[in-house]
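Hi everyone, thanks for coming. I'd like to walk you through one structure today, starting from the inside and working outwards. Have a look at it first.

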Amino acid sequence: MRKELFWDRLEQNITPEMEIERAINFGGLDYIEEVQEKYGRERFLDILLKNRNLSKKAVNYWCLVFGIDREKTAAFKNPPLIWSPY
């Protein structure tokens, strides 16, 4: 676990899903590999597909790497959670 990515959380409150989410959004390739070894590629891909809090840029990149259609991910399927006046 990279403590610099979890400055706002107590270590005992960090879930595997949260660690994978932050790795996808902010981690480098070495941290992505570390997370995949720790939790498995299937769990990593499950979070990639189902988590709405991921950056579209990061999701797009990992979808290209794994050959996944980005439109199947929650980040691209669901409208943003933030209110938009337009």
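Okay, let's start in the middle. The largest nonpolar core has 21 residues, and the ones that touch the most other members are Ile24, Phe44, Leu48 and Val59. The elements giving two or more residues to this core are α1 (16-26), α2 (29-39), α3 (41-50), α4 and α5 (74-77). By a nonpolar core I mean a set of buried Ala, Val, Leu, Ile, Met, Phe, Trp, Tyr and Cys residues joined through side-chain atoms within 4.5 Å. And buried means under 20% relative accessible area, with exposed being over 50% and partly exposed in between, using a 1.4 Å probe and protein chains only. As a bit of background, nonpolar side chains tend to be buried together in soluble globular proteins.

Quick housekeeping before I go on. This is a predicted model, so local features need pLDDT of at least 70, side-chain atom pairs count only at pLDDT 80 or more, and totals for chains, interfaces and linings use all residues. Residues are numbered from 1 along each chain as its sequence is written, and side-chain values use heavy atoms, with hydrogens and water left out.

Now the overall layout. The chain has five helices and zero strands, which reads as α-α-α-α-α along the sequence. Helices (H or I, at least four residues) and strands (E, at least two) are DSSP runs, numbered from the N terminus. Of the 86 residues in the chain, 34% are buried.

Back to Phe44 for a moment. What does Phe44 contact, leaving aside neighbours within four places in sequence? The list is Ile20, Ile24, Ile32, Gln36, Trp62 and Phe66. Contact here means heavy atoms within 4.5 Å. Follow one of those partners, Gln36, which lies in helix α2. Gln36 has a relative accessible area of 13%, so it is buried. Besides Phe44, Gln36 touches Arg41 and Phe66, again not counting residues up to four places away.

Next, helix α1. Eight of the eleven residues in α1 are buried, so the helix is mostly covered. The cover over those buried residues includes α2, α3 and α4. Among the buried ones are Met18, Ile20 and Ala23, but also Glu19, Glu21 and Arg22.

Let's pick out Glu21. Where is the nearest side chain of opposite charge to Glu21? That's Arg22, 5.3 Å away, and Glu21 is buried yet has no salt bridge. For charges, Lys and Arg count as positive, Asp and Glu as negative, and His and the chain ends are not counted. A salt bridge is a side-chain nitrogen of Lys or Arg within 4 Å of a carboxyl oxygen of Asp or Glu. Glu21 does have company, though: Ile47, Asn51, Asn53 and Leu54 touch it, not counting residues up to four places away in sequence.

On to the salt bridges that do form. The structure holds eight of them. One joins Glu34 and Arg2, at 3.4 Å from N to O. Glu34 lies in helix α2 and Arg2 in the segment before α1, so this pair ties together parts that are 32 residues apart in sequence. Both ends are partly exposed: Glu34 has a relative accessible area of 29%, and Arg2 has 22%. Arg2 and Glu34 are also linked with Asp30 in a network of salt bridges.

Another bridge pairs Glu11 with Lys3, the closest N and O atoms being 3.2 Å apart. Lys3 counts as exposed, at 56% relative accessibility. Then there's Glu71 with Arg70, where the closest N and O atoms are 3.5 Å apart.

Arg70 brings us to Cys63. Is Cys63 buried or exposed? Its relative accessibility is 3%, so Cys63 counts as buried. Cys63 is in helix α4 (residues 56-66), and leaving aside neighbours within four places in sequence, Cys63 is in contact with Ile68, Arg70 and Thr73. Cys63 and Thr73 are ten residues apart in sequence and 8.9 Å apart in space, C-alpha to C-alpha.

Last stop, the outside. The accessible surface of the chain comes to about 6100 Å², and 53% of that belongs to carbon and sulfur atoms. These areas come from the Shrake-Rupley method with a 1.4 Å probe; for residues, only the protein chains shown count as cover. That's my tour, thanks for listening!
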